[in-house]
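Visitor: Hello! Could you show me around and explain the terms as we go?
Guide: Gladly; here it is.
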Amino acid sequence: MPAKLSLDKQAWLWAETTQPENISEENVLIAYRLHLKKCAPGACRRNCKGSPYCLNGLGEKLWLGEIDEKQWHDIEDPNSERREMGSFVGLKNLGATCYVNTYLQLWFQNPEVRRAMYMWREPLEYQTENDTNQEWSPTSICGQLQLMFALLEFSNRRYIDPTSFIQCLGLNAAEQQDAQEFSKLFLSVLEDSLSQHDNPEVKHLIQEQFCGEYAYLTRCNACGSVSKTPAKFYELDLNIKGNNSVESCIEEFLKVEHLDGDNKYMCGKCNQKQNATRAIRLEKLPRVLNLQLLRFVFDRNTGHKKKLNSFVQFAELLDISKYVDKPEGTVKYDLTAVLIHRGPSAYSGHYVAHIKDPKTKAWYKFNDEEIEKMEGRKLKLGTEDELPGADGDKQNKKPRTAKGNHNSKNAYMLVYTRQDPEQTDSTDVMGEKSSLPMERLLEEKVQSFVIRDNEKFEDYVKELINMREQNIQNGRVKQEVIREIYAQLPITQSKEGEFEWLSLDWLSKWLSDPSTAPPIDHSKYLCKHGGLDPLKVSNLKCVSAEGVLACAGTCVRQKCASIQRKLRMEEDSKLISTMLKTTLNSGKSFWVGKSSLRSWRRLATEQHSSGLEENGAGGSPQGPLPETETKPWDERQGEPGEGVAMEVEPGSVTNSLTTPQTREGMPKARKVRQMKKASNLTRIYCELHGDLSPDATCRRLVPEEVWCRLRAHFPTCPEYPSTAPICLQCQSLDQEEQQTKYVNKMLAVSQKSALLNVFLDRNRPSYCQASLSNLFLVSTAFVEEWRSFIREPLKRLPVTHLSNCCLLCSHGGLMYQPYNPSLPLDDRLYPVWPSEWEAIQQHVQVDVEIKVSRHVNEDGIPVITVSRAVCDECRLLREVREEEERYDYKDAILYIRKVVSEKGPLGSSQRREPQDKEDPEYFQVSCRFQEKKPPLENGDAPARVPQVTEPSSRKSNRHRRMRGEKEVTISSSQTLKELKVKIMKQFSVAPFDQTLTVDGVVLNEDTATLKSLKVSPGAVVMLQAEEPLEDAMIIEDLYKVSSCPEEGFKGTSLVNR
């Protein structure tokens, strides 16, 4: 089958030689591609989009071939959630509960703890009456822990849901807490609960397993007496800062402390303060030794916790004999668990646990739902304690590790179990046949809960399997139905003449998924006559009965006429281009608009399309547009609005060489719309009088042959021969306009000559000039408007009025201070010399005179007087209002410059003064109050006025960008803390490490708004960073916790007992 473009061309080849009125039925069939050969099913690799008979390549192969069963359902194998034989059960992470999961797995892997929890019985106050309609659930923390242990050991699920346990503790599942603090609090709660039990094995579980004893020994250097203070511990908190091994951490924990100076010891025997030494001595060690590595420490600079990511080496076999007072033989501990925190920050990351199975001695990695067995029997940390992309310190390489030791920079807790050759494990961790049957340890209601949960899981698995099988069966039936329907779609010889059209898009969607296919809607493929559009046949396919020839003739004739018109336009375009290049002879010629002549083909096409839209379904678009009677220019005199020739807006539906003569019956609104579209564009005619426009630059003459060619495409446009007169009235108006422009130009030259210094803003009067006796103040707005007229007198109107009323208040007093020795003159006041004031009065009307005089009193002191007194009340109100408006802004830009901390806050004006003088944006100007060379006024000689000084430099309004400077968009209603957050994102400096200054003033109070801190838009904020952090994850975490106070476990069951 030929390509689609080739088929489109072949379908209309006959239209080049056939007139629209001579179209036959065969031509219509060819236009609709119904003469093409039918494609056999499976004969084409891809769909022949130009053929209405090709039904290949639409997605039918999905249904005709063999379909994988997985395509009929999206249900995963429910057995993947089943616990494998000999494996442990995981715990679901509810959002941020991974720290709880690690400790649950750790305590569960302790056989003594698990056995004691199985023997625990709920006190009477927690026991409730059995409700047959409601499933039993424990209400106490110990009861929840007992149930979790039972499910971890006997559940058939791959992982269980700890929601009830988390809710019982009152924890927020979406908030990550301090894991070490959780361990301390939970063991304390567990010890209090178990101590109320009658069974000694349960009652003393925590003390026997985790409790040790040490003593604080304080020795007086004077008398040698020793004071001993015993204490219990459940875990040793080891400082890792400055230590690279567990042994060195323990030695620092037990090191001798010297008490002297202000920290002397009050000796009870000497009865006075003496120098002394203090040390910790281990008295009794627990069976399970928990070593908390203090990775999460409080940073006084930031006021928040931070994580120490230094490597610490620890041994698999720990000999602690040398640290114990009077040990009975060798005291050795085996490493049984390593708890890991993955991530650089103390406020985010992930917790995992490596735990040794006490029965098989194999290591397992517990990561919430996933549990992985380590190869062999050795602990392999590897890179498990890293999050992808979290290591911001690439120089922190892992040090060398001795044999039998491990190194980790994320291990935060080490669990060692004391070697005891005589003790044997009596509990089966894997849930196989135990030496102590479950019914002898667990209550019946707990056993029933576990059995019911396993039954629910089995029912769930069966339900999903049945659902999968049903979906597969339904899919196969669906496949057979679609195969049968598709086999009936192609048109055979017996169905010749009996077919219908279906869109290619709908067929593809139906074959993709019949259940999601939309209803059939072919309205967009219909022409305006209600029949099938022959130009959209390539998007349709013939599939069933009913003819298409009934309403097709009109559209085919339109397409044929369009082809004929296009061929004629190509021929005319070549001829017109050739003739326009030749010199115009003395023959007859016509005026045509230059812009329309350049784009006449586009205008003709748009006019034809516009005519089709207006004709609609009831029109008769056969052949060219109907000829409308037009009158020559000499017969249209006195008919304003008729036969008007104009240049109209390009792209509008009325574009033509000249606006068509008004048609009879044309709506009035449309005529008005045409006039409006052309009202501001260059015309070749006079809109009011119908004659040629005096502006000859918008038109050109073309030969008669060119005009005839153009007239064939624009039959309704009027003609203007070369002899057509120019509109005298418009010509007169143009002359008047030119005369006005000339007068304005001469006026501008005259005023500029009289007020040259005002125009150039130079030689302004200043109070520091000795020759100055009088000056006048005018509105700066008037000066700016007058300067604009002087620069562009042909485009702007002359200024005829000077309004100084805007400088006065309602009481008639000045709202601006005309003189202040310490400040420059307000920008809204402009000083002029008396001679300049007289020139201004000669050219414009003045409403209010503001005169400033200076004279010397009897004491020889200059005195300033103003014709209009200053209204201090209104002036202060204006300044307050402007001050509020200045600091009230939205989405303004602040410029942030980062400075080095050693140089101090560079926001002060004293530090920036040298920079200002070298900055080209700070330039010297002729101050309105001070001049290096006082100008001569009326021939007066220059004189020096001592003791009167004014500022002689001003800063440019244009901001000068500095290297490293960045912009921040912010509003005055936002707080300083929000500004610091935006700066953090730009410079990676935490908010608490930022010191911000504006003009030497330090910005404090994070909760204060920028408006209250007087930070104006466009201000330069100097940023001084104190030890900026480079890791973006740490900065983000610190900001999250700094936005609200840290509450820890406040409000949970761990502290509210």
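Visitor: What makes the meeting of the side chains of Asp77 and Arg468 a salt bridge?
Guide: A salt bridge is a side-chain nitrogen of Lys or Arg within 4 Å of a carboxyl oxygen of Asp or Glu. The side chains of Asp77 and Arg468 meet at 3.7 Å, N to O, so the pair fits that definition. This is a predicted model, where local features need pLDDT of at least 70, side-chain atom pairs count only at pLDDT 80 or more, and totals for chains, interfaces and linings use all residues. Residues are numbered from 1 along each chain as its sequence is written, and side-chain values use heavy atoms, leaving out hydrogens and water.

Visitor: Which parts does the pair tie together?
Guide: Asp77 lies in the loop between helix 3 (61-64) and strand 1 (90-91), and Arg468 in helix 12 (residues 444-488), so the linked parts are 391 residues apart in sequence.

Visitor: How many salt bridges does a search of the whole structure find?
Guide: The search finds 29.

Visitor: Why are helix 4 and helix 6 called roughly perpendicular?
Guide: Angles of 65 to 115 degrees count as roughly perpendicular, under 35 as roughly parallel, over 145 as roughly antiparallel, and the rest as oblique. The axes of helix 4 (residues 98-108) and helix 6 (residues 141-154) cross at roughly 75°, and the two helices are therefore roughly perpendicular to each other.

Note on methods. Axes are lines fitted to C-alpha atoms, for helices over the stretch in contact, and angles run from 0 to 180 degrees between N-to-C directions. Helices (H or I, at least four residues) and strands (E, at least two) are DSSP runs, numbered from the N terminus.
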